[in-house]
Amino acid sequence: MVGKKKRKGGKTVVNIVLGLICAIWLLPTLGLFISSFRPAADILHTGWWKIFPHQEWKSGKTIQLSKDVDLRQPIEVNGKTYSDDQLKAGVAADDGRLLWENRRARTVNVQEKGWKVKTDVTLDNYKNVLSGKEYKIKEADGTEITQKGSGLSQAFWNTLTIAVPATVIPVLIACFAAYAFAWLRFPGRKTLFVIIIAMLVIPIQVALIPVLKDFTSLGLNGSYLGIWLAHTAFGLPLVTYFMYNFISQLPKDLFESAFIDGASHFTIFSKLILPLSVPALASISIFQFLWVWNDYLVSLIFIGNQPSVQVMSMKIADLVGSRGNDWHLLTSAAFISMLTPLAIFFLLQKYFVRGLMGGSVKG
């Protein structure tokens, strides 16, 4: 009985901790989502939580003071004296809060607290992000012209064009390599595997300049092929190690039976390994796709920042404008950028946990 109570108490603690972690992650996301539908002025002046019922000071009656009141002296309002600075900032009184309404006209507003909900929502942020924001420009002769900026559509297709091949190529190559390291016997197998795994600890930034020089000499820099090869090279060590852990734990009897039946290595790989490795392939594909989709640095180095080839991360950074005055558009742009990775995750989620657990238990 005591043991059951301890286990039950332990589960409760774990559930509470997990709930807190989820809340810490979800709360900023909720705030970002709500802000994406708020007008720019509301985002600038009030927090996203103001959309929920809250108490706020509301304007009430107006008190007219004498025109000859000296603001450098204590000011009497309703029988009590206050300083000019207090009335500027707002000072608590018996019937609410006193605040200058018009300092020059010597009028003081008596504010009262009341419940308020800011229900102003708009789709303008999403409209400006997707189709481009309109700007009014005044020419030297006084005429006013309207120009429309570019939206995220081109950047979306550029990112998709990069992300899909940059996910499929390294996962496929790593799957072949993992099978070879796990079940084939050839000279230098362990040494090559150790070298590949050692690349996991090498920072990407160390390789950027040497690889860029080689790509430039080969004419690959600024092309889709170049960025595909770069993402493939940087992603191969982790994907190979992940797939090796899964494939190496498959039953040995499975391969022996296939060899007895006369199956070649390619037949075993295509007919046995790939179907059995679907959970692992789906899991590592999600990680690789997310890394490529959210990448900024590698794309900036190997494909550039021209509008015709910009990826989502670059375009979103440019949405704020040269002076950062359109930063409110980042809220809606962030959620638009999330849609594709979320769709990929939910489509493959049934394989996700199975793939992560693959190879963790032997036998």
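These notes cover the salt bridges and one nonpolar surface patch in a predicted model.

1. Salt-bridge count. The model holds 3 salt bridges. They are taken one by one below, beginning with the pair Asp70 and Arg72.

2. Asp70 and Arg72. These two side chains form a salt bridge in which the closest N and O atoms are 3.3 Å apart. Asp70 is partly exposed, at 31% relative accessibility. Arg72 has a relative accessible area of 75%, and since the cut-off for exposed is over 50%, Arg72 counts as exposed.

3. Asp84 and Lys88. Here the closest N and O atoms are 3.6 Å apart. Both residues belong to helix α3, which spans residues 84-89. They are 4 residues apart, or about one turn of that helix. Is each partner buried or exposed, or something in between? Lys88 is partly exposed, with 48% relative accessibility. Asp84 has 10% relative accessibility; because buried means under 20%, Asp84 counts as buried.

4. Asp84 and Arg103. Asp84 also meets the side chain of Arg103 in a salt bridge, at 2.8 Å from N to O. Arg103 sits in the loop between β6 (96-102) and β7 (107-116), whereas Asp84 is in helix α3, so this pair ties together parts that are 19 residues apart in sequence. Arg103 is partly exposed, at 35% relative accessibility.

5. A shared network. Which residues are joined through shared salt-bridge partners? Asp84, Lys88 and Arg103 form one network. Asp84 takes part in the bridge to Lys88 and in the bridge to Arg103. Within this network, Asp84 is buried, while Lys88 and Arg103 are partly exposed.

6. The nonpolar patch. A nonpolar patch of about 820 Å² lies on the surface. Its residues are Leu192, Ile195, Met199, Leu200, Val201, Ile202, Val206, Leu238 and Tyr241. Which helices each supply at least two of the patch residues? They are α6 (189-198) and α8 (224-247).

7. Leu200 within the patch. Leu200 is one of the patch residues and lies in the loop between α6 and α7, the latter covering 204-218. Why can Leu200 be counted in a surface patch? Patch residues need over 30% relative accessible area, and Leu200 has 37%, which means that Leu200 passes this cut-off and is classed as partly exposed.

Note on methods: Residues are numbered from 1 along each chain as its sequence is written. This is a predicted model: local features need pLDDT of at least 70, side-chain atom pairs count only at pLDDT 80 or more; totals for chains, interfaces and linings use all residues. Side-chain values use heavy atoms; hydrogens and water are left out. Patches are made of residues with over 30% relative accessible area and no salt bridge: like charges are joined within 9 Å, nonpolar side chains (Val, Leu, Ile, Met, Phe, Trp, Tyr) within 5 Å. Accessible areas come from the Shrake-Rupley method with a 1.4 Å probe; for residues, only the protein chains shown count as cover. A salt bridge is a side-chain nitrogen of Lys or Arg within 4 Å of a carboxyl oxygen of Asp or Glu. Buried means under 20% relative accessible area, exposed over 50%, partly exposed in between (1.4 Å probe, protein chains only).
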